[in-house]
Amino acid sequence: MDNLLCLTSTGSTNDDAWQLALKGAGHGFGIIADTQLAGKGRLGKDWVSPAQTGLYCSIVVRPNLPFTEFPKLTLTAGLALCSAVEKLLPGIPFGLKWPNDLYCNRKKCGGILTESSSPNCPDEESFVVVGIGLNVNTPLAAFPLELQQKATSFRIQSGKVFDILGLYHKIHDSLLDHVRIHETHGFDHILQEWRKRDLLFGKEMQWVTRDKKVITACGMGPDANGQLLARDNSGRVYEILSGDVQLADTGN
Ligand code: BTN
């Protein structure tokens, strides 16, 4: 199997990568599509994928790590993405919003959806699909109206047009490098670098609990397991496992 499959159009590259991983696609195998008809975001949201303007890709990762480390890989992937784009667009202020949204000047320009094989899967067959969506050459008008205040692209930020395939290769290599760092030096090493890019640290943020309560608290950064900690005015510390956290001032 070649290491990269390029498609003109598909439903979701994550679904394709998942099927190919089940059939044995190896560590680092990737799929890239010009557009997706059913792109998936986190928390059951859609990922709008306007044709030939963004990077929509999924990479199969077979980490040499116990299954308990797999959820942390979502932060590892975010750091890999952020480090790769920082090198490509020096001077543009990128940052990470937990768990792994890529932001630039308070607007979202990329996101990651990681999906892992079942915990019952034998170690040698287990995998994680890392799906990356990046707004690269996307003009503002290509975003749906409701996203136009919240989203941005590399082109909007820099005025430049980028080679999407070239970008894929840089991000792919950065991802594999960061997985290797995670495997050999541990997640602490990843966290140290992740924290330098943490957009929620020290910021007032809000989220809605399962019983529909809105909580406002100050971001304290991810803990050693990659879960987000936040402290409210009364000193109570919350551990956020997953979910949609928003900055209190912008709602982004
Ligand atoms: C998010 O921010 O909610 C995550 C977005 C992830 C989108 C990418 S696009 C390529 C891959 N295929 C999908 O269906 N989703 C991911």
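A polar contact here is a pair of N or O atoms within 3.5 Å. Keep that cut-off in mind as you click around, and remember that this is a predicted model.

**Stop one: the ligand's polar contacts.** Select the ligand and Thr13. An N or O atom in the Thr13 side chain lies 3.1 Å from a ligand nitrogen. Now add Asn14, where the backbone takes over: one of its N or O atoms is 3.5 Å from a nitrogen atom of the ligand. Then pick Lys108, which puts a polar side-chain atom 2.7 Å from a ligand oxygen. How much of the ligand does the protein bury? On its own the ligand exposes 410 Å², and 98% of that is buried by the protein.

**Stop two: the shell.** Switch on a surface and you'll find the ligand in the largest pocket. Select everything around the ligand and you should get 20 residues, with Ser12, Gln36, Lys40, Arg42 and Lys108 the closest. Colour that shell by residue type: six are nonpolar, 10 polar and four charged. Which elements supply at least two residues each? Highlight α1 (13–22), β3 (54–61), β6 (107–116) and β7 (128–135). Of the contributors, β6 gives the most, with four residues.

**Stop three: a salt bridge.** Go back to Lys40, one of the closest residues to the ligand, and show Asp15 too. These two form a salt bridge, with their closest N and O atoms 2.6 Å apart. Lys40 sits in the loop between β2 (30–36) and β3, while Asp15 belongs to helix α1, so the pair ties together parts 25 residues apart in sequence. If you want to hunt for others, the model's count comes to nine salt bridges.

**Stop four: two backbone oddities.** Some background before you zoom in: most residues other than glycine have a negative phi, and most peptide bonds are trans. Select Trp98 and Pro99 and look at the bond joining them: it is a cis peptide, with omega about 0°. Pro99 is in the loop between β4 (94–97) and β5 (101–104).

Next, jump to Asn105, in the loop between β5 and β6. What is the phi of Asn105? Phi there is near 50°, a positive value in a residue other than glycine.

Terms used:
Residues numbered from 1 in each chain as written. Predicted model: local features only at pLDDT ≥ 70, side-chain atom pairs only at ≥ 80, totals over all residues. Heavy atoms only, no water. Near = heavy atom within 4 Å. Polar contact = N/O pair within 3.5 Å; in protein donor to acceptor, adjacent residues only side chain to side chain. Areas by Shrake-Rupley, 256 points an atom, 1.4 Å probe, with all protein chains shown as cover. 1 Å grid on protein atoms, 1.4 Å probe; cavity = no way out; pocket = protein on both sides within 12 Å on 5 of 7 lines; lining within 4 Å. Sits in = over half its atoms within 2 Å of the grid points. Nonpolar A, V, L, I, M, F, W, Y, C, P; charged D, E, K, R; others polar. Salt bridge = Lys/Arg side-chain N within 4 Å of Asp/Glu carboxyl O.
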